[in-house]
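Please open the model in your viewer and keep the sequence panel visible beside it. The tour below proceeds by selection, one stop after another.

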Amino acid sequence: MLKVLVVDDEMPIRQWLEFCIERIPDVELVGAASHGAEGYSMFRKHMPDVVITDIRMPVMDGLEMMRMIRNLKPSVYAIVLTSFEDFEYARQAISLGAAEYILKTEISDGSLRENLKKAAAAIGREQTGEDRTVDDRADRNYLLRSLVQANAPVPCLDSVLDSYGVRLKKGPFYAINVSVESAGEAVHRPKTGFLQNSMKFSVDANNVMIVGNVGAAEGEDELEIRRACREYCGAILKQIPCWIGVSDLRSGREHLSEAMMEAYRRAKRRFYHPQEQIFASGNMWNWRLEDEEKYKILFSKRLIGQELDEAVKIKNQILDLAAREEPLNVEELKHLFEEFMVSILHMTKEDISRVKEDVRKVREELAGCRTMEELRSMVNQFFTDRGLEGKDVREYSQAVRRAVDYMEKNYASPIALTDVAAHVGLSSEYLSRLFKEDTGMKFVVYLNNLRLRHALSLLENTSLKVYEVAERVGYSNLSYFSTVFKKNFGQNPFEFKNRVSGHGRQESGADIQGGEF
């Protein structure tokens, strides 16, 4: 009898696989899990011959589950299902020993039977190699880290927690996240008796999570428990330089994921309130600014349109919005401003060979910003240093105005600096220098921006194919057009076109107060 385990977070797919497998002779379905952690728990219990798994799933993805399963049973036959037609996923799955890699859109009852028949033949009913032991604590900590870093809380089943050796018992508990100043610095649990059945694990290099049941005396009210929790956190603060995020008091193990996420995210409020050390309140769902992709698109539109004053206004509005709303995903906020600054570097840098070094410096400076005020100061200084106050086309010299007018009329043709210089009656070298002085950018950058501005309009307002848009605006090479577009807008023109088609026409207004366009 061939034993099969199914792991997929999409219920219709999972139920369809269960239905098909249960009708196949000499095949036993030992379980169906909704994510990798639950699948691994079931695998440890039943040790099946075949695992049919999705790749992208909450809590633990299919690739990580396969890695852990290989530690238990190297001979397992893995069939990977996915909706993502991406070679990188296939490469990773194959490197982890996947025997089959199948798109969900292609699998059928017949192909499933054929794959299980191949699995039975490959296994030959004889397991090869020795099963290896597994580091239970390492697996437990991986599960807990996955629960902390999930996009949304996952209900935790008792069976899964027990199989991973999670010591937390039923009853009230706290999750406490300790963020240390120096990466890897040791955090010790205070021996106060406040937390029982406690666990400690590293979330990442700078964050350590402590979870435990509250050792409260009978009749002790919640106010007294909170006071005891603050004393417990105070004992940690005396150990090392750190700050602490504390969850609300939870009453059941099924809320473990939510509690740990809450503690982890609350600790990130330190970015906005550097004078505080303990963060026991705050909405953990305030994770990111809304419509960040739209901010990137709008900023790039203003930049390539030479509306530099408007680009600066967008930057200022987003800084104010972030300070007001306090999104907890600080790294994503920094990345948004990184994209702004990298776009400016590509637009204004005279020596293109220096751009890569400048980008590295920008990233280092952003990474070093510990507070919102430091981030604001760094970003504003960057814009000030590059004199981005804008310049109206009417202020250009007569020769540059004529050059710009010629480019506007001929951008769809393969024009070069020599063509424009001949039109205005200047040498290429002199026009290049004059153009940079007047517009703040090199000729080729201005031309690319001009073409991109028209490409955006065509992608937003017509039904033209992407390759047709590329040709219309002067790009004979579709791959190059896609590369340039993505460098400026953070997504390729195919993704942008699909987004416009799926969510309506992109707005072009500059008012983004409150996240509105």
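The stops that follow begin with the whole chain and then turn to individual residues and helices.

**The whole chain**

Display the full chain as a cartoon, bearing in mind that this is a predicted model. The secondary structure consists of 21 helices and 10 strands. The chain has 517 residues, and buried residues make up 50% of them. If a surface is switched on, the exposed area comes to about 24800 Å², of which carbon and sulfur atoms supply 47%. Contacts across the sequence also deserve attention: among those between residues at least 6 apart, 70% join residues at least 24 apart.

**Stop 1: Glu18 in the first numbered helix**

Select Glu18, which belongs to helix H1 (residues 11-21). Its relative accessible area is 23%, so Glu18 ranks as partly exposed. Setting aside residues up to four places away in sequence, Glu18 touches Leu29 and Ala32. Next, add Val6 to the selection: Val6 and Glu18 are 12 residues apart in sequence, and their C-alpha atoms are 7.6 Å apart.

**Stop 2: Met47 and its backbone**

Move on to Met47, in the loop between helix H2 (36-46) and strand S3 (50-53). Which sign does phi of Met47 have? Phi is positive, about 45°, although Met47 is not a glycine. Met47 has a relative accessibility of 24% and therefore counts as partly exposed.

**Stop 3: salt bridges**

Show the side chains of Lys, Arg, Asp and Glu. How many salt bridges does a search of the whole structure find? The search finds 23, and three of the pairs are visited here.

Begin with Lys170 and Asp158, whose side chains meet at 3.9 Å, N to O. Asp158 is in helix H7 (158-163), while Lys170 is in the loop between H7 and strand S6 (173-180), so the salt bridge ties together parts 12 residues apart in sequence. Is Lys170 buried or exposed? Lys170 counts as exposed because its relative accessibility is 68%; Asp158, at 31%, is partly exposed.

Continue to Arg250 and Glu262, a salt bridge in which the closest N and O atoms are 2.8 Å apart. Arg250 is in the loop between strand S9 (242-246) and helix H9 (256-267), and Glu262 is in H9, so this pair ties together parts that are 12 residues apart in sequence. Both Arg250 and Glu262 are buried. Extend the selection to Asp248, Glu258 and Arg266, which are linked with Arg250 and Glu262 in a network of salt bridges.

The third pair is Arg288 with Glu332, whose side chains form a salt bridge at 2.9 Å, N to O. Arg288 is in the loop between strand S10 (278-279) and helix H10 (292-304), whereas Glu332 is in helix H12 (residues 330-348), so the pair ties together parts that are 44 residues apart in sequence. Arg288, with a relative accessibility of 41%, counts as partly exposed. Glu332 counts as partly exposed as well, at 22%.

**Stop 4: Arg269 and Glu326**

Select Arg269, in the loop between H9 and S10. With a relative accessibility of 18%, Arg269 falls under the 20% limit and therefore counts as buried. Ile244 is 25 residues away from Arg269 along the chain, and the two C-alpha atoms are separated by 9.8 Å. Leaving out residues up to four places away in sequence, Arg269 touches Phe279, Ser281, Gly282, Glu326 and Leu328.

From that list, centre the view on Glu326, in the loop between helix H11 (308-325) and H12. Phi of Glu326 is near 55°, a positive value in a residue other than glycine. Glu326 counts as buried, at 19% relative accessibility.

**Stop 5: helices H16 and H17**

Finally, select residues 417-424 (H16) and 428-439 (H17). How do the axes of these helices cross? They come within 9 Å and cross at roughly 95°, so H16 and H17 are roughly perpendicular to each other. To view the contact, show Leu417, Thr418, Val420, Ala421 and Val424 of H16 together with Ser428, Leu431 and Ser432 of H17. Colouring this contact by class gives five nonpolar, three polar and no charged residues.

Note on methods:
Residues numbered from 1 in each chain as written. Predicted model: local features only at pLDDT ≥ 70, side-chain atom pairs only at ≥ 80, totals over all residues. Heavy atoms only, no water. Axes fitted to C-alpha atoms, helices over the stretch in contact; angles between N-to-C directions. Helix = DSSP H or I, 4+ residues; strand = E, 2+ residues; numbered from the N terminus. Parallel < 35°, antiparallel > 145°, perpendicular 65-115°, else oblique. Contact = heavy atoms within 4.5 Å. Nonpolar A, V, L, I, M, F, W, Y, C, P; charged D, E, K, R; others polar. Salt bridge = Lys/Arg side-chain N within 4 Å of Asp/Glu carboxyl O. Buried < 20%, exposed > 50% of the residue type's maximum accessible area, 1.4 Å probe, protein only. Areas by Shrake-Rupley, 256 points an atom, 1.4 Å probe, with all protein chains shown as cover.
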